Amino acid sequence: MRINDAILGAVLLAFAIAIGLYARTLPAIPGQEYGAAVFPTWIAFAIGACSLVLIAGGLRHWTETGAVSLASWARSGHHLRALAITVALVVFYILVSTPLGFIPTAFITLTALFAVLGVRLVPALAVAAVLTMVVHYGFYSLLRVPLPWGVLTPWAW
Amino acid sequence: MDAILLASEMVFQPQVLLTIVMAALFGLFVGAVPGLTATMATALLVPITFFMEPVPAIGAIVTCSAMAIFAGDIPGTLLRIPGTPASAAYTDEAYAMTRKGQGELALGANLLFSALGGLFGTAILIVAAPSLAEVALRFSSFEYFWLACLGLTCATVVGTGSTVKGLVSLLIGLFVATIGLNNPAGVPRFTFGNVDLLGGIDFIPAMIGLFAVSEIFRYVLGMAPDLDGAQTKVGNLFTGWGRLMKQYWRQSIRGNVIGISIGALPGAGADIASWVSYAVSKRFSRTPEKFGTGHVEGIIESTSSNNAALGGAWVPALVFGIPGDSITAIVIGVLYLKGMNPGPTIFINNPQDIYAVFLIFILANIFMIPAGWAAIKSARVLMRVPRNVLMPTILMFCVVGSFAINNSVFGITVMLVFGLLGFVMEENGFPIAPTILGIVLGPMLEENFVTSMIKSGGSFAGFFERPISGTLGVITLAIWIVPLVLFVWRKARS
């Protein structure tokens, strides 16, 4: 889905103005001219300048490209749903992995993702179970990454 | 001479050699799995090195990073997903070769020239470290500021497509680098009261998001490259090695030299070396029109460069304790932990330790040939794994890898946000590599600028008063201004 550069430029311009205004609220170092605000201010100016170039370029090609040219996936409900579920599953992992524990969360996440991508249920369950334990063994046991146990804490090894 | 013998005794021990072999296998695996980077391989190895003696600990890291940088080429060539960002520069080119049925030639060239690049980098590390150290001893914040500017300039110049979009990408990276407490004034910036943001945005989860998660999103949306016609069998990798060496020795040497030079610059590592070398290769090629269609020339120069950069990055790391790249930044921590404090004195007080590191570098790069061959042969399995199984697996590795950097789910949030950002950016023609560079070099740029301004009492002239700083400044400004002047001149003429 390609958005016209003029729209992207306008978004970037708003972003640059927001950064610039926020930077003005940063306190100065007493007795120093160059403090925490200098870099964000410069970045705001530079993004602002680039956004003006993008807006000008986008407006020149507006008649050819229009506001948005939709890719095939953007018209496919199936693909958009798959993307939404993938993102939702990562959010699910972020929110749930600590209280629920790595093993159940990873198993649920993987099974759901396999199902979304068209893997049949039985192989999906089997592969998700094996993969969860392999990742857990590799990262937790071998690499000593403290993956959370959550509800399985009483059985932690 | 005694020191060299002592170093040999330290290295040629069964446990040390076994550690090197294990680290090599780990590095090959992590490098070959898209979404896991060479930096992450090194970072994940650090907890294990806690339990090791100094020499095997350093040996494990050297071997692992070298193997991971090489192994990143395998999925890049076979699946068009770079295993590590250092392979990103020539992924399209290598994949185009696979589509033409020349996968083994691309992978064979990657293996041979990676090993040669690594050995060349090691040779320069051994020979030039002390003399380069003398030059770098004279560097101050003024020189470091210009070095950072040069590094950032490379990112926008080298990137393909629109320069303005490259610049926007870089500026987004620089903006991300301003988040957190890490600034000259020590005040929280853009944190909005969030405790996790106080520490800033770690570039590793950001990199995983931009390079791996965005690729997974593309697959989910049915945008993954069609694998029909892709090569599923890898034939004899050693075919044509003699011809390649004869035909492309210039490109190999140029790649090595660029790799070492860029690797030795603070903040610029194998990733940037690879991009610059690819661009240089195209610029000086007799057949630039073949680039992008599956041509081995640019791959040879780039793959030589990214492995040579590893050796280069160790020069400032060993001599001054200044990281050449993100891997050596981790290495410096391990060196301190093991009592091998980096600095000029290590060459005087513990030369055997330094020679041991050099020996391990040589061993790792020689071992790369058989180990890499085995990895490429087993990479056929990657091609046989259905992608609807492979992609969720990669996502799980990305999630756990992002968590492992700080053992916090915040890393996964960063990964997701940057995954979405990377997807939107690429869809609209914004390159993503400059963003990462901005995140990495941003703090260095800001710190050295503010320090320099305080030193010079607020005068910009300070940046040109010292000979090295002045030269670097003039070069950087010339790179910025000359293309602009040429553009205006051409416009005026036409």
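**Close-up views of chains A and B**

Let us start with how chain A is connected: of its contacts between residues at least 6 apart in sequence, 61% join residues at least 24 apart. Everything shown here comes from a predicted model.

**View 1. Chain A is built from 6 helices and 2 strands.** Reading from the N terminus, you will meet its elements in the order β-α-α-α-β-α-α-α. Along the principal axes, the C-alpha atoms of chain A fill a box of roughly 55 × 55 × 20 Å. The radius of gyration of chain A is 24 Å, whereas a compact globule of 157 residues would have one near 15 Å.

**View 2. Here is the surface of chain A, with about 8200 Å² exposed.** Carbon and sulfur atoms supply 73% of that exposed area. Turning from surface to interior, buried residues account for 41% of the 157 residues in chain A.

**View 3. Chain A meets chain B in a contact that takes 59 residues from chain A and 60 residues from chain B.** Three residues to look for are Y34(A), F39(A) and L143(A), which supply 13% of the area that chain A buries against chain B, more than any other three residues. Between them, the two chains bury about 5200 Å², and 83% of this lies on carbon and sulfur atoms.

**View 4. A salt bridge links the side chains of D5(A) and K165(B).** The N to O distance in this pair is 3.0 Å. Across the interface of chain A and chain B, the rule finds 1 salt bridge, along with 5 residue pairs in polar contact. On the side of chain A that touches chain B, the elements giving two or more residues are β1 (2-3), α1 (5-24), α2 (38-60), α4 (77-100), α5 (102-116) and α6 (121-142). The largest share of that side, 12 residues, comes from α4(A).

**View 5. Now we move to F238(B), in a loop of chain B.** This loop runs between α11 (203-220) and α12 (241-247) of chain B. Is F238(B) buried, partly exposed or exposed? Its relative accessible area is 37%, so F238(B) counts as partly exposed. Leaving aside neighbours within four places in sequence, F238(B) is in contact with I369(B) and W373(B). Look for G108(B) as well: F238(B) and G108(B) are 130 residues apart along the chain, yet their C-alpha atoms are separated by 6.1 Å.

Technical notes: Residues numbered from 1 in each chain as written. Chains lettered and ligands numbered in written order. Predicted model: local features only at pLDDT ≥ 70, side-chain atom pairs only at ≥ 80, totals over all residues. Heavy atoms only, no water. Helix = DSSP H or I, 4+ residues; strand = E, 2+ residues; numbered from the N terminus. Rg over C-alpha atoms; globule rule 2.2 N^0.38 Å. Buried < 20%, exposed > 50% of the residue type's maximum accessible area, 1.4 Å probe, protein only. Contact = heavy atoms within 4.5 Å. Areas by Shrake-Rupley, 256 points an atom, 1.4 Å probe, with all protein chains shown as cover. Buried area = accessible area lost by both parts, 1.4 Å probe. Salt bridge = Lys/Arg side-chain N within 4 Å of Asp/Glu carboxyl O. Polar contact = N/O pair within 3.5 Å; in protein donor to acceptor, adjacent residues only side chain to side chain.
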